[in-house]
Structure formats: structure tokens, C-alpha cells
Amino acid sequence: MESIAQLLQKIPKYDGLPEMLQALIPIIVSSIVIFALLALAVLFMVWLERKVSAHIQDRLGPMVVGGWHGWAQTIADALKLLLKEDIVPESVDRVLFKMAPFIVFLGAFAAFVVLPFGASSFVTDLNIGILYIVAVSSLSVIGIIMAGWASNNKYSLYGSMRAAAQVISYEIPAAVAIMTVVIYVGSLSMVEIVRAQEGGFLNWFLFRNPFLFLAFIVYFIASLAEVNRTPFDLPEAESELVAGYHTEYSGMRFAFFFLAEYANMFLVSSVAATLFLGGWTAPFSILQFIPGPVVFFVKALVLIFIQMWMRWSLPRLRVDQLMYINWKVLLPISFALILGAGWMAIL
Amino acid sequence: MDKNLLSQIVFYFFAVLTIGSAAVVVFARSLIRSAFALLFTFFGVAALYAYLGADFLAATQMVIYVGGILVLILFGIMLTHKLYDLKIKTASVQLIPAVIAVVAVFAVLAFFMLRTQWFQSGSMLSGPTTASIGNLLMQDFILPFEVASVLLLLALIGAAMIVRRRPE
């Protein structure tokens, strides 16, 4: 945000504006920049998901719109969704039904404020950075429950209950895995966490010691469940629940759920890239000429690709298996990891 | 002066949000609406903490109250059979005792509110609070901290004990 504020200073007569506007405009501009970035990333990820799934199943996927490998397909789809009629079914709770997609999206969007895309390209560097991300993502859970209840549809209600139970359970091992990194850095700030990993890939927390390597795997599995991806996609299991909590939604409100889902995928991948893969720092010193944001996006995209790869390779878990993995496997492992990582940090 | 005005607008926005949604919590006729209105109350309180510079407290408020307690309340309402579409009666009963109790509570609160020397936000430490909170919890307040964690552990074991299926 500082760099945006400095850029704005160069606009002639900017100093002449009232102070209140001078304080407000950088905030508004950076929100718009983050939103545009997010929308672009999501458009690209949806296209990538369709291509990856197609090639895994020996198909070609979208090939027509836009010419080269159907690159404009998701732009066309997004426009179609935005122009559709806003249908609100008869027996829904109108206020909550209309509010829910925006609360779900808010939870995803607010977290992007603290992501460090590069050494100087981030909106703000909060002292409590990573804790802030954990905190605002709890908004999405409430939004999902709200959508499921307001729809007045049993599939929606089942889907939202599953989603909420899953998200709040897997938050715990994810947060404990995050804590192992915080022990080493001694700060919750995202920028500080990346600074602690500068200087080649051997300094990344992923390769520091075996406990952190396992913590990365625990975080990755838990984050898959938090964003409701296969093999943890029970909340929207098509074969049993139609579409889960967004069964009754269409048009723009559905688009917001879709946006939030992919934004959350990008979010957990960026958090994993920041915490364990060195964020914007280059893996080799000869690669340091590449701008930080590019390195950051490549790392996040690699993790997103792995998420997609798993989605199209693995079957879905049962509910009892889901809870078993969380409470009896991931949670004890993550507690052992925090002890081990703490012990290694003292040594 | 203009910046001051902006921060006052922010403060009054969140104050109105907190109190307004708290009123919805009390007066809503359906239980689930009350629970969802509580989201905005918790959010507004967290925003007010952040406004006062207590960043760690604000995030903790969100994690514990929104991510934990509110979800628990919503689950409780949804899983309880035929409770979530129950209409709550908002008729007034016991008017005179209620008025006496409310006036008494208000008098006590107002008395202490006016007598206490409040910190002005200007004189407050601005800067990271997380490290100092951690040091205080692990050094000066280690005993209450541990007592609280043992209490929580007891509650957890107790809950697991109650729901356990006993062999017939």
C-alpha cells in the first residue's frame, strides 16, 4: 500500500485534495488492485482446472473460445454468469440468502490483504499476519452455514453442516502446523516469515529439518480439507447432495461462491508457499533477477496444480474416514511435530 | 483534523454495527436470526479492539468467538430437533422486577464507567502487542494460564465422558 500511496503522490494536484481523501484513496485503490488480481487468478485457475482434468482423462477440454487452447472460455463463462437472472426461490430466508455469498467471499478476500507477493508488493504487513488469516477465514464458515440454512433445502443444509464440521476440525492441525514455523521465526508477520528464509532453497523451512517437512505435509492435507477439495469434497458431493450448500444459488450469487472457492484455493497455496517454500525468494542465487511476485506466483501455482492433480486422481472419503484422519492421525502428528520442532529450535 | 474525522467515522460505524446487531440478537423472533446477528456483534467488537490498537486481541476474538463459539451455537440450534423454526415469544412478563434489575445493573455499570480512569488511545503503547502478551502469559501469569488450560482440558474430558457409549 505504501508503494501505491507513493505512486499516487506523483499525480499532479494530488496534494491539493483534502487529507481525508488522501488517506482513503490508497485504501480503495489497493482493494481494487487486489480484487482485480484475485479475479484474474481465479479466471486462470478455472481454465487450468478444466485443462488439467481434461488431460488427465485423455480429453482436450475447452479448445474453441479465444483461439489458442480455449483461453477465453472462463471469461465467456463469467460474463454469462454475471448477466443471468438473479433467481431467489420462493421459500428461502431472503435476507440471509442474499447475504451469504458476500460473507463467504469476504472471508477469502480479506485474507489477501496480508499476503506478501514480493519484497515490497503487499498491501499491509500486520504484526499478527498469519493469525489474521486464520481469523478472517472463520468468516467463510459462518457464510457457508448461512447459505445452507437460508436455502431451505435439505441438500443445502446437509452440505453446509458437513462443510462447517470439516473446516473447523481441520483448522486445528493446520494452525498447529503453522505454529511450528512461527516458533522458528519468532514473529507472526508474513513478511518476517519470508525474510527468515532468504538465501536459496536450503533455507526454506521445508528443507530445514524433518519436523518442518512433515509440518508442510500436514498443512497441505489440512488445507485441502479446509477448501473442500477432493479427497475431502464431501460438502458438495454431487452424487449424494446435488451441489451442497450452493444448490439453490444461480447467476451472480453462485459466481461469488465459485470465486470464493477458487480464491481460497489460491489463498491456502500462497500461505503454504510463504510459510514453507520461501515466498518471493528465489530457489537459486542465479535466479535472483526474476521479480519476487513472479517467483511467488509460480510457487503458488505449483501447489495449486498438485491440488488439481489430486482432485482428478483420488476418490472421495467417507464422513467417518474424514473425521478419523483429522482427530486420530493429523492432530497427534501435529502435536508431536510442534514438540519436535520446538526441541530442534532450542538446540 | 481531517484524519481525526476519518477515524471517528470508523469508530462510530463499528459502534453502531455492534450495538445495532446486538439489538437484533435480542429482539429477533427466530433463534437462528439472533445467532447470525451475533456474527456482526462479534465482528464489531473485534474491529473496535483493532481500532484501539489491540491487534492480537482482535484476531483472537475472531478465532474464538466467530470461528468457535458462534459455529457451536449454530450447530446447537440446527441439530436440535424443531428448535430452529420455533418462534420465540417476545411478550413482556414480570415488568416491575425487570425494570428494577435493569436500573440497578445500569447504575452499577454507569458508576464504574464514570469513576474509572480510562486509558486514552493517545497514551497507549502503539506497536506489536503479541510478544509482550506472550512474555506476560509465560512469566508473570503462568499460574492462571495453566489453571485455565487445566480447566479447559477437564471440560473436554468431561464432554467426551458424557457422550461415550457405555457397554450394556
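This is a short tour of chain A and of the place where it touches chain B in a predicted model.

Before you select anything, note that residues are numbered from 1 along each chain as its sequence is written, while chains are lettered from A and ligands numbered from 1 in the order in which they are written. Because the model is predicted, local features need pLDDT of at least 70 and side-chain atom pairs count only at pLDDT 80 or more, whereas totals for chains, interfaces and linings use all residues.

Select chain A and show it as a cartoon: there are 12 helices and 0 strands, where helices (H or I, at least four residues) and strands (E, at least two) are DSSP runs numbered from the N terminus. The radius of gyration of chain A, which is taken over C-alpha atoms, is 21 Å; this is close to the 20 Å that the globule rule (2.2 Å times the number of residues to the power 0.38) gives for 347 residues, so the chain is as compact as a globular protein of that length.

Next, select the residues of chain A and chain B that are in contact, meaning that their C-beta atoms, placed from the backbone, lie within 7 Å: 25 residues come from chain A and 20 residues from chain B. On the side of chain A that touches chain B, the elements giving two or more residues are helix H2 (19-56), helix H5 (129-150) and helix H6 (154-185) of chain A. Colour H5(A) separately, since this helix gives the largest share of that side, 12 residues.

Finally, return to the whole of chain A, whose C-alpha atoms fill a box of roughly 60 × 60 × 40 Å, taken along the principal axes.

Definitions and conventions. Two residues are in contact if their C-beta atoms, placed from the backbone, lie within 7 Å.
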